[in-house]
Structures are given as C-alpha cells and as structure tokens.
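Q: I have a model open and want to learn how to read its features. Where do we start?

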Amino acid sequence: MRAPALTLATVLAVGGGLVGCTAGPPQPGPVAEALAEGIAGGDLSAVPLTGATAQEATETLSLALAGLEPLRPAVQVQDVTVDETGAVATAALAYTWDVDDGERDWTYGTTARMDLVEDAWVVRWSTFVLAPDLLEGEVLTVRRESAERAPVLGAGGMVLVEERPVLRLGLDKTRIETAVWDDAARQVAAVLGLEPEPYAQRVASAGERAFVEGLVVREHDPGVDLVAFAAVPGALEVADSLPLAPTRRFARPILGTAGPATAEIVEASGGQVQPGDVAGLSGLQRQYDEQLRGRPGLTILATSEATGAERGLFHQEPVAGEALVTTLDPELQDAAETILEPVGPASAVVAVRASTGEVLAAASGPGGEGYSTATLGTYAPGSVFKVVSSLALLRAGIAPDDVVPCPTTIEVDGRSFANFPGYPVEANGSITLRTALAHSCNTAFIGSRDRATQEALADAAGSLGLGGEGDLGLPVFLGDVPVEASGTDHAASMIGQGRVQVSPLAMAGVAASAAAGRTVVPWVVGEGAPQPDPSTTPLAVDEAAALRDMMRAVVTEGGATFLVDTPGPEVLAKTGTAQFGSGPELRNHAWMIAVQGDLAIAVFVEEGDYGSTTAGPLLEQLLAVAGPWT
C-alpha cells in the first residue's frame, strides 16, 4: 500500500511551522508543562534546571510544601512567552489548592524563567516558582481554627447535645517521683474504675512529662469520687468541654458520642479532620459529623525556618456547623429511660406520634449494654404480630364479628400448637375474630391460615409499615416477614413466630399505622416522614378502623384489662409473648403495643414472663406520664 502524500499543512504541523523537514529551534512550552507536572507531583527529576540540581530542587519543593500535606496543588501553564532575543522565556503558572470541602480554593499565579542553553530550554530554579515571593528558607504552613460545633436538637427545637463542661482525669507524671509512677497509676485506676494493669502500662510507656488521661467525666455528674481521686499522688483533673446530651444515658445508642478524633477518622477525612479535633465517634454524632463540625478556618503562611517570621498568604474564616434536628422529645425520652432503668434484660420503649410518624422516644434499657435495642433489635414479635395477621384476615373477608374456631390445640404437619398457659376456657370454641385477638387465641389464627397466604401476610405487614429499607435518617431495622412459607412455617408466622422478625421501632410503627388509618413509617432525622414502600398495598381507612376496634377489645375484655381505666383518651393495645430457645432453655420475649390518642407505643423486654405481666407494667408507667403527648 502506497503511503499518502504529505500536504503542506501536515509538514507545517509536524515541523512546528518549519518549511520541509528541517528542524527549528526547540519550543519552551513542553519544559513549562514538565515543570507544572513535576511541582504538582512532587518530583522535578524530569525538568532541566539551572541554579540547582533536580534532586536539590525536589528536596526544596518537598520541604516547602510539607506543611500543607496531604494537600497537593493543581498546577497549569497559562501562557509561555519568548522575548525578542529568542533565548529567554517566561511561563505563567496557575496554582489551585483545594484546601477544604468549601467552594473557595486558594488560587494564585507565579512565573518561571527559562533560558535557551545549547538548543535546549532549562528552568531557572527559584522558590518564587512555588508561591508568591517565597524565599529560600521559607516554608508553607497552615494554621487551623476550629469551627463551632453545632448542637443536636430535639422536638420543638429543644437542645439535646451541646457543649457541656467535663473533667479529664488522669495522672501527671511531672508531679511525682519516678519511683511511684506505677503505684500512683494503679491507685488512679482503682478510683476511676479502670483495669489497673493496662492503665499502669500506659503510664509507664508515656513520656516523662506526660499527662496520661484515664477518664473523662461530666463536671456536674462525675460518677466517681473526686475527693478520693484528688488524694492520689500525681492525680490531675483538667477542665474541658465536649458535645454531650443532658445525661449520660440520654438516647446514647442513638445520639452517640463525640470526642478527640481517632487515627482512623483523621485518615478517612482527607485532611478535613486533624489530630486533636473533636469529631463524632458513634451514633448520629458520627453519621452527621461533617454537618455538625462545620468547616474550620485556616490561614496559610510563609514561615521562615530560621527566624519563625510569618506572613499571611491566604485566610478563610471558620464556618459553624449546622444543627442536626431530630424528633426526640427530651421529657418523654427521659421518662422512658427512667422506666427502663431497673430492668435487667435488654429492653426498649419506643413512642411515635401517630399522625406524623415522628419518634418522640426511643429508649434502650441498660441490659442492652449500649446497643440500640429500640431501633436495631431483631426479635420474634409473638402475639403483637396478630394485629398484622388480623389485617390479612380482614382482607380475606373475615370481619371482626365473624366466628372463627379456637380449639385448645391444633396440629399442622405433625406439629401441635396450643394457646398460652392460663388461656381462659370461656374463650375457646367458636369465637369472633375480635375475641380471638382480644384473648390472643393462637389456634384461631393458625386455623385461619388458609384464608391468608404467606404473601398476603407479608403484604399486610408492609401496609402497617413493617419491612423495607426507607431512609429514616439513621440505621434501623423495620422488620422482616418472609413472602414465602408453608406448613408449620406459615402457621408460626400467623402468630409472630418462625422467621418473622421485628424491632420495637417497627412494632411502634404498626401501632401508629392502626391509629393514623394509613401506613406510617416512623422517623427520627429528616425533613419529613419517609414514603411507605410503594410495592405494598396502602392501609385503608376502614381496615384501620376495624383494627382499632379489635385492639380496644384487648383492653376491655382481653389480656390488657389493667389499662381500661387509664386517664385520657381510650387505650388500644395488644399483648405479645414470643418463645425462643428450646427444651429446658425455652424462654420468652415480652411485648406490648398500645395506642392512646395520637401516641403509639411499643414496649419490649428480651426475657420475661408474658407481655401483660412483664411489658404491661412498663407500658402502664409510661401512659401515666404520657398525657401531654396523647
């Protein structure tokens, strides 16, 4: 194949404007581009230089910009001009430093001089190339000013988390002789409730003039004996402040904590968080840390290594954080936590405003050891799930007054199901669906399973807000009801056992949906209630009315008659007991859900007797103080 003919335009393009194939003088542009690339990448080895070797220039570059690491500049060649002699060129360089996550960058321009030496362009090395008027011996440094951390707010704009005074308690090694460091460390640990050996080892490995922090406590509620602490040789308390909730226990699994940033947080922040900064460590404080902490102010300086003299090159004011607004009501949250304080097993109380889905309280008892039982707990719901099963049966054409059989036992595929011990004899036989829910007849719901397929049961659950993965503003578990099940698996699902799993938050949503007459998805953070899963059937007004009617019967004639005289709007409820374990290890989860006015509540105790006897008294206590929210 014959090569194509070269046009005059092609020759000019290849030869840089020369006639024919004769090479002309080299152009300075490629050297300027190499310089820009070398500065941005921190390596000038590919740049021809005068005034310094490539290694010396690279070392100077590294030293000059080290104070801004891990930031690196973007450097572009804006223009290259050659003087009339043709032997001297000037390259205009444009720098852009993305100093933080704000819209404003640090930008400036410098110039680099180049000389044509023996038909090759070389850069006259100078620190002026790196920053405006940067002298030899000057380096770029940054001074950061922390922004004001924003508070976390609750219902009505009430402050939940704000800066509160704390005391940092520890051992000051400068205050005592070396010989007693170990003994003093162990005494400090004993007073503060720490493991003596690990703390003593930390003291031993710290510097000779170190203050080794042991514990941070609230100034007004330290929880330790400060008099005994002060009596330990070398003990020191340092006043400080931290973003804290009103009390140590207040919604702690949800709100989380803030404190000195960990190495992992610093590394993951890309330079936005520095060692010593206060950052969210867990919960909402961690999830919304960027919003809460704001943007620090910073000043970039040219600093003389010899004299320490400084001159400012760039300044940006700090931007305060933005408050995080939650739905939690401080008084109701505190009341719920007070009620759970003496409960030994993991426990939870969740209260939802039915008309809006706002979570007013989501308390997790101390038995959960810091876990958010209220929002993340995964448990079989037992008979509180019969509200869901009732909706599925209503949709199958069974009305509250329709009769269903309630034998003492029922067999499914060789497995026998019975009612709970002590089930009232008078509620056996042919009873209405309303009575079956009121007295929690297992056999009636299992016997009606052919009228409600597992798919219909799962759809009814979705109609009451169970399941799905909507954006509620924080991690939650809204339940899991299998779409496919048969035989004993389907039978167990009808009474909230088998593979059905829920959280206290999810069951509060079920109660709220029945109260509101529509599908309610509870939420804690956000601008409004999240939308229900569009794939499920919306809850109809008449369906919700029938559920409320039957839940009222639980109070007037069934397992929650102790609530019938509760002051205020009439109470609707459902008790629940879910078995877990096997054989002699068989134990019970205790549940209750309730509605009073606009307040929907779920109460849960991980291990108890029955819903009415274990969870019931806790619910009764909450309703006794819940008047303002009903």
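Q: What classes of residue make up the lining of the largest pocket?
A: Sort the lining by class. This is a predicted model, and here the lining of the largest pocket divides into 17 polar, nine nonpolar and two charged residues. The pocket holds about 670 Å³ of space. Its lining counts 28 residues, and those closest to the centre are Ser383, Phe420, Asn442, Thr577 and Gln579.

Q: Which elements give two or more residues to that lining?
A: Map the lining onto helices and strands. Two strands qualify, β20 (415-418) and β22 (571-580). The helices are α14 (433-439), α15 (442-447) and α20 (611-625).

Q: How much space lies in the second largest pocket?
A: Read the volume, then the lining. The second largest pocket has about 360 Å³. Fifteen residues line the second largest pocket, with Val216, Val217, Leu244, Arg248 and Arg252 closest to its centre. Strands β9 (211-218), β10 and β11 (258-260) each give two or more residues to this lining. β9 gives the most, with four residues. By class, ten lining residues are nonpolar, three charged and two polar.

Q: How many cavities of 30 Å³ or more does the structure hold?
A: A cavity differs from a pocket in that a probe fits inside but cannot get out. The structure holds one of 30 Å³ or more. About 80 Å³ of space lies in this largest cavity. Thirteen residues line the cavity, and the closest to its centre are Arg218, Ala245, Arg252, Gly256 and Thr257. Arg252 is thus named among the closest residues for the cavity and for the second largest pocket.

Q: Which elements supply at least two residues of the cavity lining?
A: Apply the mapping used for the pockets. β10 (235-244) and α7 (252-255) each do so. As for class, the cavity lining has six nonpolar, four polar and three charged residues.

Q: Which residues have the most contacts inside the largest nonpolar core?
A: Look for buried nonpolar side chains joined into a set. The largest core has 119 residues, and its best-connected members are Leu255, Leu466, Met507 and Leu563. Helix α18 gives the most to this core, with eight residues. A second, separate core has 38 residues, including Ala89, Met114, Trp121 and Val129.

Q: What is Leu255 in contact with, leaving aside its neighbours within four places in sequence?
A: List the partners by sequence position. Leu255 contacts Val152, Leu160, Val161, Ala245, Phe250, Ser282, Gly283, Leu284, Gln285 and Leu328. One of these partners, Ala245, is also among the residues closest to the cavity centre.

Q: Why is α18 said to be largely enclosed by the rest of the structure?
A: Count the buried residues along the helix. Eleven of the 13 residues of α18 are buried, so the helix is largely enclosed. The buried residues include Pro504, Leu505, Met507, Val510 and Ser513.

Q: What span does α18 reach from its first C-alpha to its last?
A: Compare the span with the expected value. α18 covers residues 504-516 and reaches 18 Å, close to the 18 Å expected at 1.5 Å a residue. Just after the helix, Gly517 takes a positive phi of about 80°.

Q: How far apart are Thr432 and Thr85 in sequence and in space?
A: Check both separations. Thr432 and Thr85 are 347 residues apart in sequence and 107 Å apart in space, C-alpha to C-alpha. Thr432 lies in strand β21 (residues 429-432). Not counting residues up to four places away in sequence, Thr432 touches Pro400, Asp401, Asp402, Val403 and Val404.

How values were computed:
Residues are numbered from 1 along each chain as its sequence is written. This is a predicted model: local features need pLDDT of at least 70, side-chain atom pairs count only at pLDDT 80 or more; totals for chains, interfaces and linings use all residues. Side-chain values use heavy atoms; hydrogens and water are left out. On a 1 Å grid over the protein atoms alone, a cavity is a set of points where a 1.4 Å probe fits but cannot get out, and a pocket is an open set with protein on both sides within 12 Å along at least five of seven lines; lining residues have an atom within 4 Å of a point. Grid points are joined across faces, edges and corners, and a volume is the space filled by probe spheres set on the points. Ala, Val, Leu, Ile, Met, Phe, Trp, Tyr, Cys and Pro count as nonpolar, Asp, Glu, Lys and Arg as charged, and the others, Gly among them, as polar. The expected span of a helix is 1.5 Å times one less than its number of residues. Buried means under 20% relative accessible area, exposed over 50%, partly exposed in between (1.4 Å probe, protein chains only). A nonpolar core is a set of buried Ala, Val, Leu, Ile, Met, Phe, Trp, Tyr and Cys residues joined through side-chain atoms within 4.5 Å. Contact means heavy atoms within 4.5 Å.
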